[in-house]
Amino acid sequence: MQKERVMRAAFFMAALASVVSVALICVFLLYQGLPTLFEIGPLQFLLGRKWQPAALYSEPSFGILPMILGSIYVTGGAIALGVPIGLWTAVFMARMCPKALYRVLKPAVNLMAGVPSVIYGFFGMMFLVPMIFGFLGERFDMVSGSTMLTASVLLGVMILPTVISIAETNLRAVPPELYEGAVALGASHERAVFKVVLPAARSGVMAAIVLGVGRAIGETMAVRMVAGNQTALRMPYEFLKGVRTMTTNIVMEMNYVEYGSLHEGALIATGVVLFVFILLINLLFSTLNKGREKA
Amino acid sequence: MKIWRRKKPMDWLRFLLVWGAGIFTLFILAYLVGFILIRGVPHIKPSLFSPVYTVDNQSLFPALVTTLIMVGMTLLIAVPFGICTAVYLVEYAKRGSRPVRVIRMTAETLAGIPSIVFGLFGYIFFANLLGWRRSILAGCFTLAIMILPLIMRTTEESLKSIPDSYREGSFALGAGRLRTVFRVILPSAMPGIFAGVILAVGRIVGETAALVYTLGNVIKMPENLFSQGRTLALHVYQLAVEGHHVDEAYATAVILLAVVVGINTLSAAAERRVIRQLR
């Protein structure tokens with residue numbers, strides 16, 4: 001039938017939309033970012049410690065090491081805070097929670113995933129920043145409450161729904177025989193859950209963490225509103241000072257760059273580096289998923 | 001309950017940790033929502049909805065209109081592509097064939113890309129290369145790419161949940177594949193697709209990073225598809241960062257939050273309908 005064949009082709013063409021989109025994104029980011037990367041020099045760009053796009057009396061300098069480290073610190077902090085709480089909440093929801101409470105908690109986690117990042121950012125700006133400054137400001141001689149720590153705390157909260165829902169699904173997928181066996185051998189409920197069920201869901205838990213990392217490293221607006229955004233190179237122990245991430249570097253300066261300038265290229269190249277980070281994380285995620293499917 | 005006697009100190013610690021984490025998660029959300037509501041609701045005034053934005057009156061009306069246009073246009077672009085992709089993957093393609101694998105992989109990649117990268121791409125491609133500048137059109141296309149994997153995945157799942165007996169019944173009555181898709185499969189998959197679309201609306205309404213450099217950040221009533229604009233989320237962002245109109249920022253945040261809660265409730269209701277239907 002002619003019509004059937006035409007429509008089949010049409011569905012196939014439509015299905016190529018995502019392929020075309022990814023191809024376009026890769027091509028144009030690289031096309032605009034790579035020339036600048038090589039003009040600056042890949043090593044100077046990636047390992048340069050100074051970001052000074054519009055220097056008045058000296059050569060402009062484009063080094064994004066502070067931002068790469070900034071992204072890593074802030075994400076690390078978010079994982080350190082968000083993953084334990086997220087995992088325990090997932091364990092709670094999957095194995096311990098009374099039904100009535102579950103009926104509140106589940107929609108709450110869904111809602112948390114739906115709250116826009118500006119709202120988290122605004123909340124962070126109005127609540128977390130003054131709170132952290134109030135608690136630690138005088139003791140540690142801080143300039144403001146917009147710090148690496150603030151951004152980590154906020155991101156830790158923002159990745160909760162991602163970590164919780166993936167981990168919960170995977171905890172529920174663990175065969176009940178494992179739990180029952182542990183209890184039959186004399187383990188308490190908690191011991192069975194922590195020592196048998198949780199390890200059995202290991203790869204799923206890892207997937208939840210990796211997805212949380214992806215969410216944290218890509219977050220822009222909320223971080224921009226609470227992290228202080230200074231371009232100075234920070235060390236991990238300087239967590240009470242402001243920091244700038246790759247994402248915020250782009251969003252802070254894109255507004256006033258000259259079209260076609262080296263500065264614009266450097267911001268796009270920052271996006272390329274971020275993109276590479278994300279691709280690596282995605283790769284890790286799908287390898288973990290494959291491993292789980294085999295198991 | 002004998003099993004309680006088995007608990008050792010370590011178990012009590014685990015018990016406390018797990019309960020504590022659950023309560024903490026709930027508390028955080030309640031605190032955030034309460035914080036915004038308490039500070040925002042008193043500042044919701046009729047003047048916030050006046051059609052004209054002035055320096056003295058930070059009306060959110062133009063942003064509201066722009067948001068609605070953005071939602072409508074973005075869905076118009078993304079939903080047909082998303083649904084057709086899912087139909088192709090579930091109803092037509094051989095499972096596990098090469099095109100299917102490639103499409104799946106790219107969709108997964110798209111789902112993982114952070115919104116600022118979409119924004120950067122939209123700025124390079126739609127705004128500069130195609131010459132649309134920062135406009136509603138450029139913003140819509142950027143967001144359409146962003147929500148495509150979401151629509152795809154939810155549609156695919158709801159197509160997969162339709163029992164094969166539906167398809168077989170339709171074929172047995174002499175319908176072709178095409179007629180089966182449009183007359184049998186899609187209508188029964190509607191609630192699931194709808195739930196996915198609603199989730200996508202939530203993404204669009206809440207998006208900021210992908211829009212700053214594609215939609216622009218100018219507050220005015222949109223005149224045509226090439227006008228710059230500002231959605232509600234961008235409006236909250238701008239008011240908050242500028243810091244001159246914090247009260248209005250809270251009030252706008254309340255409206256935004258209300259929209260998001262409404263969307264979530266709607267999507268959950270649609271999902272419940274799917275589950276009931278499957279029984």
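Is the crossing of H2(B) and H5(B) left-handed or right-handed? Keep that in mind as you look around this predicted model.

**Start with the whole model.** The scores are ipTM 0.92 and pTM 0.93. Now colour chain B by pLDDT. Its mean is 90. Of its residues, 97% reach 70 or more. Be careful with any low patches: where pLDDT is low, the predicted coordinates should not be read in detail.

**Select the two helices.** Pick residues 61–92 of chain B, which form helix H2. Add residues 136–160 of chain B, which form helix H5. Two numbers describe a packed pair of helices: the angle between the axes and the distance between them. Here the angle is about 35°. The axes of H2(B) and H5(B) are 6 Å apart. The crossing of H2(B) and H5(B) is right-handed. Now colour their contact by residue type. You will find 22 nonpolar residues, five polar and three charged.

**Split chain B into domains.** Select 2–43 for domain 1 and 47–278 for domain 2. The C-alpha centres of these two domains of chain B lie 32 Å apart. Each domain gives seven residues to the contact between them. Look at the side of domain 1 of chain B that touches domain 2: four residues are nonpolar, two are polar and one is charged.

**Finish between the chains.** Show both chains. Here 69 residues of chain A are in contact with 70 residues of chain B. Now select residues 17–40 of chain A, helix H2. This helix supplies 10 residues, the largest share of chain A's side. Colour that whole side by type: 47 residues are nonpolar, 17 are polar and five are charged.

Key:
Residues numbered from 1 in each chain as written. Chains lettered and ligands numbered in written order. Predicted model: local features only at pLDDT ≥ 70, side-chain atom pairs only at ≥ 80, totals over all residues. Domains from an automatic or database assignment. Contact = placed C-beta atoms within 7 Å. Nonpolar A, V, L, I, M, F, W, Y, C, P; charged D, E, K, R; others polar. pLDDT = per-residue confidence, 0-100. Helix = DSSP H or I, 4+ residues; strand = E, 2+ residues; numbered from the N terminus. Axes fitted to C-alpha atoms, helices over the stretch in contact; angles between N-to-C directions. Left-handed = near helix turned anticlockwise from the far one by under 90°.
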